[in-house]
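Student: Could you take me slowly through one part of this model, the way its strands are arranged and what lies around them? I would like one connected explanation.

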Amino acid sequence: MSQSINDFIVRFANVNGTGSASANYLFAKAIFRMGIPVTPKNIFPSNIQGLPTWYEVRVSEKGYLGRREGIDLMVSVNPQSMAQDVKSVKSGGYFMYDSTKKLPETLVREDIHYLGVPMMEMSNQAFSDPRKRQLLKNIIYVGALAKLINLEIEEIEKLVGEQFEGKASLIEANHIALKLGMDFVEANFDFPLPFRLERKNLLKGKILIDGNTACGLGAVYGGATVMAWYPITPSTSVAEAFEHYCEEYRTDPETGEKKFAIIQAEDELAAMGMVIGSNWNGARAFTATSGPGVSLMNEFIGLAYFAEVPAVLVDVQRAGPSTGMPTRTQQPDLMLAAYASHGDTKHVLLLPSTPKECFEMTAQSFDLAERLQTPIMVMTDLDLGMNDHISEPFEWNDKRKYDRGKVLNAEELEHVGRFGRYLDVDGDGIPFRTYPGTHPTKGAFFTRGTSRDEYAAYTEDGAAYKRNMDRLMVKWKTAKKIVPSAKLYQKKNQSPYGILFFGTSTFSSEEAKDLLLQNDIVVDAIRIKAFPFGAEVLEFIKTHELVFVIEQNRDAQMRSMMMIEMETNPAKLIPVLNYDGMPITADAIKNQITIYLQQTKNLDHELSKTTV
Amino acid sequence: MSYLKPQFKHPKLPKNKIGYTIKEYEGPLSTLCAGCGHDSISAAIVQACFEMSVEPHKVAKISGIGCSSKTPTYFLGNSHGFNSVHGRMPSVATGASMSNKDMVYFGVSGDGDSASIGMGQFVHVIRRNLNMVYIVMNNGCYGLTKGQDSATADQGSKSKAGSVNPFQAIDLASLAIELGAPFVAQSFSGDKQQLVPIIKAAMHHKGFAFINVISPCVTFNNNAGSTKSYDYVRQHIEATSTLDFVPEMPIITTKYDQGKSTKVALHDGSIIQLNKLATDWDPEDRVSVVNALQQARLKNEILTGLLYVNTEWNDLHGTLKTCKTPLNKLTEKDLCPGEEILEGINRNFR
């Protein structure tokens, strides 16, 4: 195996519920602390204890943060999945396993190296408490790895110190376990391995955080006071993060009074109802859920759209349909969210691709929801939400004011003349609203999901209904102007081919762009950050012969939305898809694009032949 | 379509303590069928709010879908209303209440809305003890879709079309008590004398107040054979008590026979005075109330009055320890931890 620095993949195979998660995190975080770009991904079952779980860590000095295929080093501590794990190591790679038990002959491959470390045996000898034995077995392999790939032991020890601050005996036990692993490697193997780490300090200022924490924190900064939610993987930790930061920063330390209310609802329908009721009454409220929850919330989302009540929903997407693969990632809720509910509806979607964007877009979603008086859905996914990602640090400007939208107060109501709740007075399609309790005799109105006129009076007059539906389209056009614009990767087009992507396909798409270039295929790129699409998206499509639409679902839903919303030729939009539940890889993107272009060329060739 | 009422106001209309006449509490003309029990309940709500001298705009009225849920249009025209989706009024009311604890919340629902499609939300709003008045206008049928049986239709009850309901009825008042609702009353739309003080007491009660009002459907469920018809209800009604609601502590009326009367003090010092008609019934004893309801059911009677009251339980705001200022009045300064703290949070993730 050729030498390589800071460019490899380690995968850990564990049994869930055995404390491996924190050991694996320790490993990834220590690499992060060495200033080397690192991407850890949890691959876990829908189960609490006893089933196989994997943790994959990609190290990439070039800063490619997407997933890549090909495992250089497998750390196998799960006999259940060992056969599968041996197979997944790439030729010339390494397989570390717990050699307390002898490796079955059938698992010996000629083309990989074996590193047997008797983790359980060493742990049993060193520690007497059964629980400790179990947990510290994991730390032993971290120690072994440190020696094998030059992971700085000082960084690991510092992290252990931070994690167990004030618990000296635990810190000491961890140090012992680390040393056991290191000493074993020293005594038994050649080290370091051909691939290894080297401190780079490339990550100055960056943070390592998951998207759900970022969304929860974004909601705190965005001024959400009410959260209603129902537990569902992979969104639950959004609620947990919101609660954590609210407890910390919104609770009066003396009286215990709270400037927030969190309700675990009886189901997703109720959660959305609470969000709508709160927003209607002038608080900023939100929910977090996943696809099945959005399905249940459909009726309420339509109500909020039609009655024009702000609402924020964070959809941490997972593989569907139905219960699907609840612990696997996908981007399968785009159509569901964009056109949620019966009747003619369209909803604003925000599409974050990093934790920083999760933070910013969640905070911004409250401004957009109140400005546009409509539901805003922040579309993240399991990969972004539950895995740690390297991110730019979060930023906030203390001068920033919340945009509470068009709301009339008591004094303004005195001067506006007749108040028309659904009257578009200034042409942006957004009428003024009032909060309940504002004025004793002015500004009260009846909110309803039935048709009404400009003054909120019930009507079945077709003309009034149509005026209202048309005004909602004017509002939609306003939305296009104020949602985040797409990011263009080039000032001027360089190629007749473009790639278009969003959300968690971003890192792999950026890497694929470089890989294609290595094969002399130049592509322009655009990353969309919101729905509805701005003018720049249409312009990008118009000015390219082919646009590869990269997304993580079977039905190319984003491509469909582009066909629906923009006057584009569907034949120009080529789907590049990944929907096996694992995050999309750069290789998959590169291969699909390359094959398509080769095929097209061949077809052209044959066509010209036949024409001749 | 609802119609505006004439604006004419008699100059000598009496005013309440805050200077409003009853007109300020009314809404547009109802479009429900003439003689609908629901309109009488709306009138009782108007009367109760007027007598309680509550600022009309400090009340919010929230409903689901159905004939009953239409009624908030027809009362309290100066209050914000929200006609939400079928069976989901409790969640919308919960959200609204979380935003602003300083308002009175009227939830209006029907038997289809609460006992069928919205049963889950009905159960859970009780479990959380949301501070609201929850009125079910109970007519035993789906009026707006032309008279199908609802889940509160009594077994054996005969519909206008002649079919007999084979299923057991869900008794919402018993269920509410079983679930721990701290204020449960039952009344009849035709009995304004009883209903108005019940609504007043419910408004003052801090916590969930449930009022199940039998309200005959004149069009689809007022035939012989229906147990929710005017005639049937009038013949089978039995009051647990007469009651009076006294908003201020000192004015304790003594017109009742002391031996039979019970006083219940509410959180704000107001008093509910109950003059007991039923023997062996104690409004503060759940077991006794459940027993009385079951006894009445055996006799095919409808027990009315304030059935149960408990002022001890924390309402949802109390449980969640929300601050005194309504959440919808908080600003950036109260809510956003700011740049410096964010920098600290960033540091924790390095």
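Tutor: Two strands pair if DSSP finds at least two bridges between them, and the elements themselves are DSSP runs numbered from the N terminus, with at least four residues for a helix (H or I) and at least two for a strand (E). This is a predicted model, in which local features need pLDDT of at least 70 and side-chain atom pairs count only at pLDDT 80 or more, while totals for chains, interfaces and linings use all residues. Residues are numbered from 1 along each chain as its sequence is written, and chains are lettered from A and ligands numbered from 1 in the order in which they are written.

Let us begin in chain A, where strand E14 (residues 348-350) and strand E15 (residues 375-381) run parallel and are joined by three bridges, with A:Leu349 having A:Met377 of E15(A) as its bridge partner. These two strands belong to an open sheet of seven strands in chain A, ordered E11-E10-E12-E13-E15-E14-E21, whose pairing is mixed. At its edges stand E11 and E21 of chain A, each of which pairs on one side only.

Another open sheet of chain A has six strands in the order E3-E4-E2-E5-E6-E7, again with mixed pairing. Its edges are formed by strand E3 (38-43) and strand E7 (113-117) of chain A, and because each has a single partner strand, one side of each is left without a neighbour in the sheet. The one partner of E7(A) can be followed residue by residue: strand E6 (residues 89-98) of chain A runs parallel to E7(A), joined by five bridges, and A:Asp98 has A:Val117 in E7(A) as its bridge partner.

Strand pairing also links the two chains, since E17(A) and strand E2 (residues 80-83) of chain B are parallel partners over three bridges, and here A:Phe446 is found opposite B:Gly81 of E2(B). On the chain B side, E2(B) also pairs with E1(B), in the parallel sense and over four bridges, and B:Gly81 in E2(B) is the bridge partner of B:Lys61. Strand E1 (residues 59-63) of chain B is in turn joined by five bridges to strand E3 (residues 104-110) of chain B, which runs parallel to E1(B), and in E3(B) the residue opposite B:Lys61 is B:Phe106. E1(B) is mostly covered, with five of its five residues buried, where buried stands for 20 or more other C-beta atoms within 10 Å of a residue's own, these atoms being placed from the backbone. From E1(B), B:Val59, B:Lys61 and B:Ser63 point one way, whereas B:Ala60 and B:Ile62 point the other way.

Around this pairing lies a wider contact between the chains, to which chain A gives 58 residues and chain B gives 51 residues (contact requires C-beta atoms, placed from the backbone, within 7 Å). Among the elements that give two or more residues to the side of chain A that touches chain B are strand E17 (446-448), strand E9 (207-210), helix H7 (211-221) and helix H9 (268-280) of chain A. H9(A) provides the largest share of that side, nine residues. The residues on that side of chain A divide into 33 nonpolar, 15 polar and ten charged, where nonpolar covers Ala, Val, Leu, Ile, Met, Phe, Trp, Tyr, Cys and Pro, charged covers Asp, Glu, Lys and Arg, and polar covers the others, Gly among them.

Terms used:
Contact = placed C-beta atoms within 7 Å. Buried ≥ 20, exposed ≤ 12 C-beta atoms within 10 Å, placed from the backbone.
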